[in-house]
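Student: Hi! Could you walk me through this one? I'd like to go piece by piece.

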Amino acid sequence: MKKLTKIALANLVLLAASQAANANDTTVYLYTWSEYVPEGLLENFTKETGIKVISSSLESNETMYAKLKTLGSNSGYDVIAPTSYFVSKMAREGMLKELEHSKLPVIKELDPDMMDRPFDKGNKYSLPQLFGATGIGYNTDTQDPNKLQSWADLWKPEFANKLQVFDDPRELFSIALLKMGQDPNTQEPKVLEQAYQELLKLRPNILAFNSDNPAGAFVTGEIDVGLLWNGSVRVAKNEGVPVDIIYPKEGTVFWIDNLAIPKTAKNVEAAYKLINYLLSADVSEKLTLAIGYPTSNIKARERLPKELTEDPAIFIPKEVLEKGQWQVDVGDAVELYEAYYQKLKNMQ
């Protein structure tokens, strides 16, 4: 967990108190990834329901977890968007409300292949929204894809101070572990120490840690090579950027971003309405068209253009799916991941 300063903590408490005071039947607080709320998406919900949505940008699962843990009943959030392995962690720690499926009619539209996953059997605590995979993004005008076929290629000296990586310990350790031929979900301290040593060798190549909007650095031209998610490729392409993605030969990691209701939610009924709205066919179609991640809504998927659904960078090919692995909860080992990660990140 990232440590919060006393000033930052005080600000969070004041924010939470303000949210709690303002929460009523006409306001719902959403905590999700910034890319997941394109312009107009939440305003339409307000027009349809009369409920105002106040959205906060989620920078990382670790930050979200820290805020909810620190603020407890004062967090103020009604709907959150944890990634797969954090659903199981937060549910295990009693941080999520059990869902009443009778209040979520949208369930019947969701892809069975994205439901009932190991991180939340029976979808007791979450519903899937978007499917993601991690790869090596590159500018097609400046980079040779033949030199980016392995995770090990990111360690090449030619990329000194040029790479973007995710601001996420599990994601970063996954590429080192896959490079080493190890399980990206390992809980073994010795293996994690070895992965840390590998990442120390990569550190001189890292220019930026960015999980909030990784496509942005490609759009502005600050980055030509680095970690990207499949949806980020779509975001960059929508901006006219010559970018593509490679899923390395060692395999990659897959995840699902989900919608859940914190145990401390103040406006639960509005939270159910917002989840139904965000996962509906119309909204899911718009969201995938805007940001590229494959949607969990089957009806929405059927409406999408072939240029999107047949793009192997975004809708993952079978051969990539067969070689990849799902991110899962690593229990108490997550603290070791985080400790090593903070040491690595704070190096100059």
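Tutor: Happy to. One definition before we start: axes are lines fitted to C-alpha atoms, for helices over the stretch in contact, and angles run from 0 to 180 degrees between N-to-C directions. Also keep in mind that this is a predicted model.

Student: Got it. At what angle do helix α3 and helix α4 pack, and how far apart are their axes?

Tutor: Helix α3 covers residues 61-71 and helix α4 covers residues 84-92; they pack at an angle of about 20°, with the axes 11 Å apart. Angles under 35 degrees count as roughly parallel, and α3 and α4 are therefore roughly parallel to each other. The crossing of α3 past α4 is right-handed.

Student: Which residues make that contact?

Tutor: From α3 you have Asn61, Glu62, Met64, Tyr65 and Leu68, and from α4 there are Tyr85, Phe86, Lys89 and Met90. Sorted by class, the contact of α3 with α4 has 6 nonpolar, 1 polar and 2 charged residues.

Student: Let's switch to sheets. In what order do the 3 strands of the open sheet come?

Tutor: The order is β2-β1-β3, and the pairing is parallel. The edge strands are β2 (52-57) and β3 (79-80), each of which pairs on one side only.

Student: And how many bridges join β1 to β2?

Tutor: Strand β1 (residues 27-32) is joined to β2 by 6 bridges, with the two running parallel. If you want one pair to click on, Thr27 has Lys52 of β2 as its bridge partner.

Student: Which strands of that sheet does α2 touch?

Tutor: α2 packs on the sheet and touches β1 and β2, and its direction makes about 155° with that of β2. Another helix to look at here is α9, which lies across β1, β2 and β3 and runs at about 55° to β1.

Student: So α2 and α9 both come up here. At roughly what angle do their axes cross?

Tutor: Roughly 125°, and the axes of helix α2 (residues 41-49) and α9 come within 11 Å. That angle makes α2 oblique to α9. As for handedness, α2 passes α9 in a right-handed crossing.

Student: Who's touching whom there?

Tutor: On the α2 side it's Leu41, Leu42, Asn44, Phe45 and Glu48, and on the α9 side Ala270, Lys273, Leu274, Tyr277 and Leu278. The contact of α2 with α9 divides into 7 nonpolar, 1 polar and 2 charged residues.

Student: Is α9 mostly covered or mostly open?

Tutor: Mostly covered: α9 spans residues 268-278, and 9 of its 11 residues are buried. Among the buried ones are Val268, Ala271, Tyr272, Ile275 and Asn276. Ala270, Leu274, Tyr277 and Leu278 are buried too, and those four also take part in the contact with α2.

Student: Nice overlap. How many residues of strand β7 are buried?

Tutor: In β7 (residues 225-229), 5 of the 5 residues are buried, so the strand is largely enclosed by the rest of the structure.

Student: Which strands does β7 bridge to, and which way do they run?

Tutor: β4 and β7 run antiparallel and are joined by 5 bridges, whereas β5 and β7 run parallel and are joined by 2 bridges. On the β4 connection, Ile136 has Leu227 of β7 as its bridge partner. Gln164 stands opposite Gly226 in β7.

Student: New topic: backbone oddities. What is phi of Asp116 and of Asn161?

Tutor: Phi of Asp116 is near 55°, and Asn161 has a phi of about 60°. Most residues other than glycine have a negative phi, which is why these two are worth a look.

Student: Where do they sit?

Tutor: Asp116 is in the loop between α4 and β4 (127-139), and Asn161 is in the loop between β4 and β5 (163-165). Asp116 counts as partly exposed at 38% relative accessibility, and Asn161 counts as partly exposed at 47%.

Student: Last one: is Gly324 buried or exposed?

Tutor: Buried, with a relative accessible area of 18%; the cut-off for buried is under 20%. Gly324 lies in the loop between α13 (318-323) and β10 (325-326).

Student: What is Gly324 in contact with, leaving aside its neighbours within four places in sequence?

Tutor: With those neighbours set aside, Gly324 is in contact with Thr252 and Phe254. Gly324 and Phe254 are 70 residues apart in sequence and 6.8 Å apart in space, C-alpha to C-alpha.

Conventions: Residues are numbered from 1 along each chain as its sequence is written. This is a predicted model: local features need pLDDT of at least 70, side-chain atom pairs count only at pLDDT 80 or more; totals for chains, interfaces and linings use all residues. Side-chain values use heavy atoms; hydrogens and water are left out. Angles under 35 degrees count as roughly parallel, over 145 as roughly antiparallel, 65 to 115 as roughly perpendicular and the rest as oblique. A crossing is left-handed if the near helix is turned anticlockwise from the far one by less than a right angle, and right-handed if clockwise. Contact means heavy atoms within 4.5 Å. Ala, Val, Leu, Ile, Met, Phe, Trp, Tyr, Cys and Pro count as nonpolar, Asp, Glu, Lys and Arg as charged, and the others, Gly among them, as polar. Buried means under 20% relative accessible area, exposed over 50%, partly exposed in between (1.4 Å probe, protein chains only). Two strands pair if DSSP finds at least two bridges between them.
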